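Visitor: I'm new to this one, so could you show it to me and let me ask a few things?

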Amino acid sequence: MGSSEETTFASSPDMEKFLCALLLDSTQPISERFRALFSLRNLKGPGPRDTLILATRDCSNLLAHEAAFALGQMQDVEAIPALASVLNDLSLHPIVRHEAAEALGAIGLDDNVPLLKNSLDVDPAEEVRETCELALKRIEHLKDAGNSDVSSADDISPFKSVDPAAPAASCSSVDQLRKVLLDEEKGMYERYGALFALRNDGGNEAVAAIIDSLGSKSALLRHEVAYVLGQLQDKAASAALSNILRDANEHPMVRHEAAEALGSIADDQSVALLEEFAADPEPLVSQSCQVALSMLEFERAGKSFEFLFVRTPLVH
């Protein structure tokens with residue numbers, strides 16, 4: 001979504017209680033629960049954190065994975081035991097376990113290394129194992145850089161997100177970055193680094209390279225590419241993202257990110273497609289479309305989707 005007005009609601013114990021109850025109320029529309037989730041992500045303290053932790057076990061895999069993502073973006077070390085429990089619970093959807101692994105990498109502590117190494121060895125889902133590999137490399141990068149302060153401003157991208165990999169060196173050309181991103185033999189961390197460097201460049205050639213990488217063999221990389229295209233909000237990506245959303249054989253986590261990205265681009269064709277797939281039989285897809293449409297409705301009305309003082313929305 002693009003930027004929207006900051007809401008005038010202020011945080012208070014009653015507001016926090018309302019948001020916590022709304023997030024956990026499965027009878028409420030998924031878009032309303034996401035409004036609560038995004039608002040709680042902007043708060044600190046045990047109440048919001050513990051509610052988000054409970055939400056990682058929600059019956060909606062979309063909401064559960066977003067709660068894990070939020071905990072990682074908040075970089076709250078108190079959430080580590082719960083995130084480890086989610087990562088180790090093979091009864092949970094792979095997209096939720098993946099997000100727990102990414103969150104452990106985002107928090108970035110050495111103590112998370114054994115947890116991630118274990119899942120790297122035993123998790124049956126490739127996308128989860130690849131995420132563990134990424135998270136381990138990120139923690140290693142932080143250690144090598146002498147940056148173990150998880151709250152460091154250097155850890156935040158220009159898009160206000162805690163990314164799963166550091167962008168490649170700024171001296172690399174777009175063509176060099178493109179080659180790395182499209183090289184199936186390269187490690188996932190290196191390819192992610194190229195992706196984020198291209199995103200930060202943001203020029204037409206960089207965007208074209210990112211779009212081309214939607215053909216990657218890795219569902220994990222494809223889903224991150226779609227997420228990045230949503231951050232860039234470049235209409236040049238609409239056709240490729242639309243094709244992904246339409247493809248019932250594509251991994252649901254990739255289709256979900258394509259839906260969110262189309263909501264960010266928000267041209268007429270994208271909105272029409274979101275309306276069509278809001279009834280998709282795959283809940284990750286249908287709910288993503290519903291949330292994207294709701295966010296767009298608030299934005300067009302000049303209102304914030306969140307209840308509380310929000311910065312740029314981070315949706316994963």
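Visitor: Which residues does Leu-241 touch, not counting residues up to four places away in sequence?

Guide: Leu-241 touches Ala-226, Leu-229, Ala-258, Ala-261, Leu-262 and Ile-265, where contact means heavy atoms within 4.5 Å. This is a predicted model, in which local features need pLDDT of at least 70 and side-chain atom pairs count only at pLDDT 80 or more, while totals for chains, interfaces and linings use all residues. Residues are numbered from 1 along each chain as its sequence is written, and side-chain values use heavy atoms, with hydrogens and water left out.

Visitor: And which residues touch the most other members of the largest nonpolar core?

Guide: Leu-241 is among them, together with Leu-83, Leu-116 and Leu-245, in a core of 101 residues. Such a core is a set of buried Ala, Val, Leu, Ile, Met, Phe, Trp, Tyr and Cys residues joined through side-chain atoms within 4.5 Å, buried meaning under 20% relative accessible area and exposed over 50%, with partly exposed in between (1.4 Å probe, protein chains only).

Visitor: Switching topic, how many disulfides are there?

Guide: The count is 0 disulfides, a disulfide being a pair of cysteine sulfur atoms within 2.5 Å.

Visitor: Why is Cys-59 without a bond?

Guide: The closest cysteine sulfur, in Cys-20, is 18 Å from that of Cys-59, which is too far for a bond.

Visitor: Are those two buried or exposed?

Guide: Cys-20 counts as buried because its relative accessibility is 13%, whereas Cys-59 is exposed, with a relative accessible area of 68%.
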